[in-house]
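Subject: Structure handover, chain B

Hello,

Please find the structure below. My notes on chain B follow it.

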Amino acid sequence: MSSKNIQVIPLNRSEGDLEIHLEMDNDTVSEARSVGTMYRGFENLLKGRAPLDGLVITPRICGICTTAHLKAAVKALDMMAGVPVPDDALRVRNLTLMAEQLQNDLRHSFLLFTPDFAGPAYRGHPLYTEALKRYRPIRGRSVVETVRQTKKIIEIIAILGGQWPHSSFMVPGGVVSVPGQNDISQCRSLLANFRHWYERRVLGCTLARWSDVRTPRDLGHWLHEKPEHRESDLGFFIRFSREAQLQELGKGHHRFISYGAYEMPARTALNDAAGDSYLFPPGLFENGRPSPFDQEKITEDVTFSHFKSDGAPRHPFEEATVIETPNENNEAYSWGKAPRYDGKPAETGPLAELVLASDPLIKGLLEEDGPNVFLRQLARLIRPALLFPAMDCWLGETGVNNEIFYIKNEPQENGRGFGLVQAHRGALGHWVTLEGGKISQYQVITPTTWNASPRDGNGIRGPWEEALVGTLIKDPEHPVEIEHTIRSFDPCMVCCVHAITGHGKRRTSKIFC
Amino acid sequence: MSRTLYWIQGGGCGGDTWSFLSAESPDIYELFDILSIKVLWHPSLSVADHQSREELDQAILEDDVPLDILCVEGSIIQGPSGTGLADTVLGKPKKDFIGALAEKAHHIIAVGTCASFGGFGTDQETQATGMQFHKHNLGGFLGKIYKSKSGLPVINLPGCPCHSDVLAGTLSALANDLPLELNETNSPLDWYRIMVHQGCTRNEYHEYRVEEKQFGEKGCLFFYMGCQGPLVKGPCNKILWNRRSSKTRVGVPCFGCTRPDFPQRYPFFKTRNIEGIPIELPAGVSRAHYMAYKGMAAAAAPKRLIKRKSGI
């Protein structure tokens, strides 16, 4: 007979607090529930406020993806004002979000994810001593370098937007700043320095060499080509992960969503060839194929959440966030809502973004092993390589032709608008309704709300719950497999604005029954 | 002598932590070395698994490990309905744990506006409050008479986020046993007796009342755009952000994020005014004199400013 028990694992090194509640069948996870442990109520706090106040308040939902929230908020207001955003403003908005993304991807990788390689679970791993040198908390070589480099790249946001984190420089119709040529030159120097570091220490090769790595076989060849490749943080990550078999961990639904990242300016050297409207296209990917994205197909289900509902999943414009006091007879177990696309859960993040962008290496690896911890983290580590050329191009074009950064417009009294962006952790949306010149409803669905979703009315698990089920925990004292799986989604619990709990005990006893 | 530091997050966004990582000369690593600060725990930086963490917490609460400096980021969440269950650790209200740590701490630093005054959620179901202030009122979570073991009240470092230099400087003062002179809201005078507006590159426009009425137009943001730079304390334009700039320099109004009542209930991006003069004037200014002064200043404005020829 199998023994059934319950484990509650609090997780640090996520943005905000998170607990994972697991049901175990011997050493294997048979059920998983992700439980955010904090509720901040930002959506309700915005009700009754002036339309532009969302530009000040929503960036403060999250201290690490503050610019992503600003961009989602401003896009909803652009839509309501019906105002075109001039090319230069679009460039400034994109460049600042990209700088924040470079910061996030590297900080997440080396401050939040790889420190687990230097943890007690890997004392027997052949690369453990080297992992300690690189990723020991606060003192590891790569940790220190990452902090020193990432704070430089976000200076781009301060130059173009005043400060990081928490500025409000994007407004409907453009941006408030009017950067001069020297500002742009400073940004270009910062970008060049950061890129140099990324090539030298993270990749171990030039971007040009890296761009030739297009298949899993190329990757194997690249790794053995030079000591610099093996010794780089990317090379080390690949070697360590293979030894630890991270490609076997954290599978999930194999269904991906992206809202599309970085709108192309009307006139830019980047889109001459393809005429694409985004640098990374929006879409849904399932059964090996992409399909066009339609925001009308997004709903939130609250069957297993402590919110009032008539049971029907609702589009964000139609839903409310009304707390329902937890009750013993109720099957709800989470304060997180369950976003669904076309009725089903979807995973979002750098992996989803690169799959939809048909990145050949990522798609090749996905075909071999399906989604997994290694692949999610690899996508995050190599995504910066795809940003540098676009950033360089757009910095070179900013303010060169007509220098229009803002088009005057008046905020509407009534209306509805939504702003969808690819934040660093994936699909982020703000849905805003104005009535009588005030915000009457504000709904935010963050990437972590997608990934950390509880079950829906059909009993279908959320993405990372699904990724946890079936996981073998080798050492219950150090359940590093769980930590890897969750961190591979780059969890941001402060963003998961609905999340609340406090009822772990009650639910635990339920599971014991 | 080495000091221990424990960092705990309540109802916050993590922004003060990420802001702190921008510290320069000294950066955070140099700072910890120079001051011999041993970081016992930081939620984003530490690796210890939850068992070691629990052992550490126990050791602090049983006085086996000294707690020299407790940094609190984010508000203290007391809701819903006084339960504290909107922010929990293993099912228990986090506020209770923060309260227990406060009894052991030699110094407490409230990092950011939420920890200082409550910030986001003070009027909400989350019942957020600050460590020792609730908005303008002394009290908050720990109460009026609370003193940490050093004899000081909770040291408030407001700002959304708190500037890295302000935190680094405060840690230096505490670690070197230097006296910290505090203002009326228990914030160090070194950074909180200067107005945000001091050092703004729009000051010349401000002097002659050449005001911006639409985004991107050169001018001062005080009269129409909702800027609180002349009203609010903070070193934004003295020490700058990320060593580069400030919101007001690039044209974003100051929203008064160091204010005890931040985020204020009235609209941002708009100055509340009577007959074209802002309702809120710099502290201690007589309205009649101010109106006369601004009228004369506008009349004296040079053409290069009126034509927005002066750079920012």
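One definition is needed at the start: the expected span of a helix is 1.5 Å times one less than its number of residues. Please keep in mind throughout that this is a predicted model.

Helix 11

Helix 11 of chain B covers residues 287–299, which is 13 residues, so by that rule it should span 18 Å. The C-alpha atoms at its two ends are 18 Å apart, in agreement with the expected value. Helix 11 of chain B is also hardly covered, with a count of 1 buried residue among its 13.

Chain B overall

There are 12 helices and 13 strands in chain B. What radius of gyration does chain B have, and does it agree or disagree with that of a compact globule of 312 residues? Chain B has 21 Å, and because a compact globule of that many residues would be near 20 Å, the two agree. Along the principal axes, the C-alpha atoms of chain B fill a box of roughly 70 × 45 × 30 Å. Of the 312 residues in chain B, 53% are buried. Taking the contacts in chain B between residues at least 6 apart in sequence, 69% join residues at least 24 apart.

Domains

The domain assignment splits chain B into domain 1 (3–189) and domain 2 (194–312). Their C-alpha centres lie 32 Å apart. In the contact between these domains, domain 1 of chain B supplies 16 residues and domain 2 of chain B supplies 11 residues. On the domain 1 side, the elements that give two or more residues are helix 5 (113–117) and helix 6 (164–175) of chain B. That side of domain 1 of chain B divides into 6 nonpolar, 7 polar and 3 charged residues.

Contact with chain A

How many residues does each chain give to the contact between chain B and chain A? Chain B gives 53 residues and chain A gives 64 residues. On the chain B side, two or more residues come from each of helix 1 (15–20), helix 2 (28–34), strand 5 (88–89) and helix 10 (247–250) of chain B. Helix 1 of chain B has the largest share of that side, with 4 residues. By residue type, the side of chain B that touches chain A holds 25 nonpolar, 20 polar and 8 charged residues.

Regards

Technical notes: Residues are numbered from 1 along each chain as its sequence is written. Chains are lettered from A and ligands numbered from 1 in the order in which they are written. This is a predicted model: local features need pLDDT of at least 70, side-chain atom pairs count only at pLDDT 80 or more; totals for chains, interfaces and linings use all residues. The radius of gyration is taken over C-alpha atoms; the globule rule is 2.2 Å times the number of residues to the power 0.38. A residue is buried if 20 or more other C-beta atoms lie within 10 Å of its own, exposed if 12 or fewer, and partly exposed in between; C-beta atoms are placed from the backbone. Two residues are in contact if their C-beta atoms, placed from the backbone, lie within 7 Å. Ala, Val, Leu, Ile, Met, Phe, Trp, Tyr, Cys and Pro count as nonpolar, Asp, Glu, Lys and Arg as charged, and the others, Gly among them, as polar. Domain bounds come from an automatic or database domain assignment.
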